[in-house]
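Subject: Handing over the structure

Hi there,

Here is the structure I promised to pass on to you. Have a look at it first, and then read on for my notes.

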2 protein chains.
Amino acid sequence: MIKILIVEDEKAILDLIKINLQRVGYQCECANNGKEGADLLAENDYDLVLLDIMLPHINGYELLEYIEPLGIPVIFVTAKGSIKDRVKGLHMGADDYLVKPFSIDELIARVESVLRRYHKGMKVIHVLDIEIDTQTRQVKQNNQIISLTNKEYDLLLYLVQNRNTALYREVLYEKVWEEEWDESRTLDLHIQRLRKKLNWHHEIKTIFKVGYMLEEHV
Amino acid sequence: MIKILIVEDEKAILDLIKINLQRVGYQCECANNGKEGADLLAENDYDLVLLDIMLPHINGYELLEYIEPLGIPVIFVTAKGSIKDRVKGLHMGADDYLVKPFSIDELIARVESVLRRYHKGMKVIHVLDIEIDTQTRQVKQNNQIISLTNKEYDLLLYLVQNRNTALYREVLYEKVWEEEWDESRTLDLHIQRLRKKLNWHHEIKTIFKVGYMLEEHV
DNA sequence: AAAAGTTGTATCAAAATTGTATCATCATCC
DNA sequence: GGATGATGATACAATTTTGATACAACTTTT
């Protein structure tokens, strides 16, 4: 379970962030000012801090100095377009910033991006007859470790995270390889290798003229 | 089946939204004011609420407070870019907003985006005796999977999304094949294949010298 | 530097889709 | 009611897509 600390004095924004992060599966704790934030940080482990700059008592910068040595990523929440703040925050070690007003999509995207960067992905994912440990990138089947290469693992993870969805070749390729699809057969080959290693000849369905889909009957 | 509640007092906009959402396969119910909306919400389950802010009696914000604890996503419909409203809405928990005047494409895109975010888009369209899962591109009839080819699926989806409308050959061909119609019989052949696979010999009507129409008596 | 492992290209085989040709049937208009 | 053109049905051929295998280029490890 991923724990996020939100330090924000505006109740409306605090709730907006909290509700939406909880909705997509994060555990949230809240502090209304810098002091509370520092206290919570002293007592608990968090995977990420969302930090407003304008806070009563202790301001965001001061708190940031306190957080930094803990090695916890921080996303700054700044009032509308104060570029000075953004720059200062980034210089001081914030990992990203969010400018009010922001959209829910943007909030979630930034949180996920930072977490991904810190490799604090979720826990263990169970799908069909395998389990994937996203921390160690290990894949087990019947308690036996299946050794996958990097690309194979990335591809598997994407398939798993989007199981029961028809995935277009281009999308799949672009997400895993992070470059444009150039009509090459690379993706097909990797799919075959996955199928072979996991004995998933039927589980990974090919959708003719479209792409592939990992099927998990629910 | 996905159910959407539309709360909007302007008849024209209400119809515009309703007709277009129904066209792409959502079930819609409507309320002309906040009171009606609250009543419907009390009695039914919805997957999404489209909520106008300016409503007689109970305004959008008040209704939003009522909806929030239900955990149903809300898209705000606001008059011209009043940023204040947008911000307020987002702060209060709306998931997205739509600024009048909006395009149909935008409407559908936002609806789908929010639904996807909430329950990873179980967008299933029910028509006659089949159900189409647009996520997996699977078509079921009496709970049996009907295997369709790519072109067949695309054609079926277009027919379904435009059911009860006479579709000209050229239009149909150009939409599905994405190229000019060249007087070939290809379309006819695919129509026949669909009719056969789905046993839809009467449901897909041919309109002499014009084209085809999927008929769903309502 | 050699070995081992990874990743992508090339090639051929197999499979599925798609479209053409043909003839039969049907609808419409004189 | 017959002529004419449009559509339905069927078979089959052409094309495209995917699977399988081998191997070459490249990286990392030893």
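What share of the contacts in chain A with a separation of 6 or more comes from residues 24 or more positions apart? The figure is 54%, where a contact means heavy atoms within 4.5 Å.

Before the rest, a word on how to read the values. This is a predicted model, in which local features need pLDDT of at least 70 and side-chain atom pairs count only at pLDDT 80 or more, while totals for chains, interfaces and linings use all residues. Residues are numbered from 1 along each chain as its sequence is written, chains are lettered from A and ligands numbered from 1 in the order in which they are written, and side-chain values use heavy atoms, with hydrogens and water left out.

**Chain A in outline**

Chain A has eight helices and twelve strands. Both kinds of element are DSSP runs numbered from the N terminus: helices are H or I with at least four residues, strands are E with at least two. Of its 218 residues, 46% count as buried. Buried here means under 20% relative accessible area, exposed means over 50%, and partly exposed is in between (1.4 Å probe, protein chains only).

**DNA strand C**

There are 21 residues around DNA strand C, and the closest are T149(A), R193(A), T149(B), T186(B) and R193(B). A residue is taken as near a strand if one of its heavy atoms lies within 4 Å of it. Four helices each give at least two residues to this surface: α6 (150-161) and α8 (186-198) of chain A, and α6 (150-161) and α8 (186-198) of chain B. Sorted by class, the surface holds six nonpolar, ten polar and five charged residues. In this sorting Ala, Val, Leu, Ile, Met, Phe, Trp, Tyr, Cys and Pro are nonpolar, Asp, Glu, Lys and Arg are charged, and the others, Gly among them, are polar.

On the DNA side, 68% of the atoms of strand C within 4 Å of the protein belong to sugar or phosphate, and the rest to bases. Some polar contacts (pairs of N or O atoms within 3.5 Å; within protein, one must be able to donate a hydrogen and the other to accept it, and residues adjacent in sequence count only if both atoms are side-chain atoms) are worth finding on screen. The side chain of R193(A) has an N or O atom 2.6 Å from a base oxygen of DNA strand C. Phosphate oxygens of this strand are met by W177(B), at 3.3 Å, and by H190(B), at 3.2 Å.

**DNA strand D**

DNA strand D also has 21 residues around it, of which R185(A), R195(A), T206(A), R195(B) and T206(B) come nearest. Sugar and phosphate make up 56% of the strand D atoms within 4 Å of the protein. By class, this surface has seven nonpolar, four polar and ten charged residues. Contributions of at least two residues each come from α8 and β11 (204-207) of chain A and from α8 of chain B.

Base nitrogens of DNA strand D lie 2.7 Å from a side-chain N or O atom of R185(A) and 3.0 Å from one of Q192(B). A polar side-chain atom of Y212(B) is 2.8 Å from a phosphate oxygen of DNA strand D.

**A small sheet in chain B**

Y212(B) stands opposite T206(B), and Y212(B) is in β12(B). The open sheet here has three strands in the order β10-β12-β11 (chain B), paired antiparallel. Its edge strands, β10 (167-168) and β11 (204-207) of chain B, each pair on one side only. Between β11(B) and β12 (residues 211-214) of chain B there are four bridges; two strands pair if DSSP finds at least two bridges between them.

**Salt bridges**

Over all chains the count is 18 salt bridges, each a side-chain nitrogen of Lys or Arg within 4 Å of a carboxyl oxygen of Asp or Glu. One of them joins E152(B) to K197(B), with the closest N and O atoms 2.9 Å apart. E152(B) lies in helix α6 and K197(B) in helix α8 of chain B, so this pair ties together parts 45 residues apart in sequence. E152(B) is buried at 4% relative accessible area, whereas K197(B) is partly exposed at 35%.

Another salt bridge links R163(B) and E216(B) at 3.1 Å, and both of these residues are buried.

Enjoy exploring!
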